[in-house]
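Look at the fold below before reading on. The text then moves from the whole chain to single loop positions.

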Amino acid sequence: MILILLIGICAGGFVVWNNSSSSAPEFVWGKKGVLPGDFSRPRAITIDPQGRMFIVDFTARIQSFNRQGEFLGVSFTPPDFRNGRPSGLGITRDGNLIVADSHYHTIRIYNPAGEELFHFGGTPGDQPGQLGYVSDAVQDSEGFYYVAEFGQNDRITKFDAEGKFVACWGKNGQAPGEFARVRALALGPDGLLYAADACNHRIQVFTRTGEFVREFGKPGSAPGEFNLPYDLAFAPSGELYVVERGNQRVQKLTKDGTSLGTWGGPGRKPGQLADPWALAVDREGVVHIVDTENHRIQRVQPAGFRVQ
């Protein structure tokens, strides 16, 4: 018999749901609101080496939490967000926070306390070194940043550790190496750069100098197919997880695109998703899913992904 426990905790500022079933979420937390620890349409997540989760929502607040969903007292915003909110978060090689300040064409670096250390970009345009709408950024072990852009520029731009332009590649289109809304980036265990090419419903893989390596995925809802892949992250064991905004699910795959199982589906109950935008995988291989329109985070063990 499966034991299900549903608990609503108002004083703690979040709702918790636990389930012992391997196919159900291990843990669900968060609630809609604007008080510290609440969410209003959370849209990006990252986890630092200490296990702290940083989550940005539609209010432009970047808040920090522990693995149990407890607010850690850090909440900050970019200098201005009247034009729009950040939509991508990452961690530098030194453990600082990368913020894709999307509508301001800027990458900002913060320490874990929310103090800005430096930024680069800021000049809109399509010339080398200029940026359009920046959706995500990652940093490799050598210090290079890779920035995803879409809208004015459908491309990936590479900068050095000081934020100086190095290279860019890609353009709008459907051919290999072209993009239609590149939403997120991840560095794989093979040292390659993986890009969620959302409106082409595929993942593209590149060397860190921009050479196209391979692609996988096509439009659909069958295993190995995608509908608006919006974020992606690797587990420590090497599996790739992709959140699909269109299919309202998360898919577990090999780095070559073979599906190992899916989790989720549309709905409001625990184990269901409403317009999910993002995910992160912690050092234990547990998947944390940003359930955007349900204003919550769902935590799933790798064993919860079932082959269809």
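What follows is a walk from overall dimensions to individual residues.

This is a predicted model, in which local features need pLDDT of at least 70, side-chain atom pairs count only at pLDDT 80 or more, and totals for chains, interfaces and linings use all residues. Residues are numbered from 1 along each chain as its sequence is written, and side-chain values use heavy atoms, with hydrogens and water left out.

Start with secondary structure. The protein has 26 strands and zero helices. Both terms refer to DSSP runs numbered from the N terminus: helices are H or I with at least four residues, strands are E with at least two.

Next come the dimensions. Along the principal axes, the C-alpha atoms fill a box of roughly 60 × 40 × 30 Å. The radius of gyration is 18 Å, which agrees with the value near 19 Å for a compact globule of 308 residues. That radius is taken over C-alpha atoms, and the globule rule is 2.2 Å times the number of residues to the power 0.38.

How much of the protein counts as buried? The share is 57% of the 308 residues. Buried means under 20% relative accessible area, exposed means over 50%, and partly exposed lies in between, with a 1.4 Å probe and protein chains only. The accessible surface comes to about 12300 Å². Carbon and sulfur atoms hold 51% of that surface. The areas come from the Shrake-Rupley method with a 1.4 Å probe; for residues, only the protein chains shown count as cover.

Contacts add the sequence view. A contact means heavy atoms within 4.5 Å. Among contacts between residues at least 6 apart in sequence, 45% join residues at least 24 apart.

Now the charges. There are 31 positive and 33 negative side chains. The centres of the two sets lie 5 Å apart. Lys and Arg count as positive, Asp and Glu as negative, while His and the chain ends are not counted. Each charge is placed at NZ of Lys, CZ of Arg, CG of Asp or CD of Glu.

Cysteines are next. A disulfide is a covalent bond between the sulfur atoms of two cysteines. Here the criterion is a pair of cysteine sulfur atoms within 2.5 Å. The structure holds zero disulfides. C168 counts as partly exposed because its relative accessibility is 32%. C199 is also partly exposed, at 37%.

Two backbone angles deserve a look. Most residues other than glycine have a negative phi. L228 has a positive one, near 55°. This leucine is found in the loop between β19 (212-216) and β20 (229-234). At 23% relative accessibility, L228 is partly exposed. D275 also has a positive phi, near 60°. Its loop runs between β23 (259-264) and β24 (278-281). D275 is buried, because its relative accessible area is 17%.

L228 leads on to another loop, the one between β21 and β22, where G246 lies. G246 touches N227 and L228, leaving out residues up to four places away in sequence. G246 is partly exposed, at 31%. Its C-alpha atom is 9.5 Å from that of G220, 26 residues apart along the chain.

N247 sits in the loop between β21 (240-244) and β22 (249-253). Is N247 buried or exposed? It counts as buried, because its relative accessibility is 16%. Beyond four places in sequence, N247 touches G220, S221, F226 and N227. The C-alpha atoms of N247 and G51 are separated by 29 Å, with their positions 196 residues apart along the chain.

Toward higher numbers, N294 is in the loop between β25 (287-291) and β26 (296-300). N294 is buried, at 13% relative accessible area. Which residues does N294 contact, leaving aside neighbours within four places in sequence? They are G267, R268, Q272, L273 and A274. The C-alpha atoms of N294 and K31 are separated by 7.9 Å, although the two residues are 263 apart along the chain.

One loop remains. G37 is found between β3 (27-29) and β4 (44-47). With a relative accessible area of 6%, G37 is buried. The C-alpha atoms of G37 and F76 are 12 Å apart, and the residues are separated by 39 positions in sequence.
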